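The following exercises concern salt bridges and the solvent accessibility of the residues that form them. Work through each task before reading its solution.

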Amino acid sequence: MFKKIFGSSEPKEEKILPWIPLTSTEQLSTIEDQSKTKTQLIFKHSTRCGISRMVMNQFVSDYDLNLNADLYYLDLLSYRDVSNEAGHKFQVLHESPQLLVIKNGAVVAHASHGGINEIDLAKFI
């Protein structure tokens, strides 16, 4: 009963997602090509933004590890040129945080802020 009220003192096991670092503009062509056979996801994150961190934590918590998709992580502050090129290549206005769902060479869904966690990723797999 006390555990329900006050929580457990046992540490929570940290969920680790299969992130692929997105660090070069060349990877965007690979993502486009691979999206023809497997859904590609790009999570754009600002490491200095508290809202971005909060959204990312919720995304990690809710993410289904059984999804058949490649999951890319883009650190916006370190790789601004990659973010700019992703926006240009996939015709999506930059926002932060932002999730792009890429299938058959094109963005089929995208969202920012709280909308990220409202996307039903399973329907794009």
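**Exercise 1.** Classify Lys-38 as buried, partly exposed or exposed, and determine which residue forms a salt bridge with Lys-38.

*Solution.* Step 1: the relative accessible area of Lys-38 is 27%, so this residue is partly exposed; buried means under 20%, exposed over 50% and partly exposed in between, with a 1.4 Å probe and protein chains only. The model is a predicted one, in which local features need pLDDT of at least 70 and side-chain atom pairs count only at pLDDT 80 or more, while totals for chains, interfaces and linings use all residues. Residues are numbered from 1 along each chain as its sequence is written, and side-chain values use heavy atoms, leaving out hydrogens and water.

Step 2: the partner is Asp-70, with 3.0 Å between the closest N and O atoms. A salt bridge requires a side-chain nitrogen of Lys or Arg within 4 Å of a carboxyl oxygen of Asp or Glu.

Step 3: Asp-70 has a relative accessible area of 15% and is therefore buried.

**Exercise 2.** State how many salt bridges a search of the whole structure finds, and describe those involving Glu-32 and Asp-33.

*Solution.* Step 1: the search yields three salt bridges.

Step 2: Glu-32 pairs with Lys-89 at 3.2 Å, N to O. Glu-32 is partly exposed at 25% relative accessibility, and Lys-89 is likewise partly exposed at 30%.

Step 3: Asp-33 pairs with Lys-36 at 4.0 Å, N to O. Asp-33 is partly exposed at 48%, whereas Lys-36, at 51%, counts as exposed.
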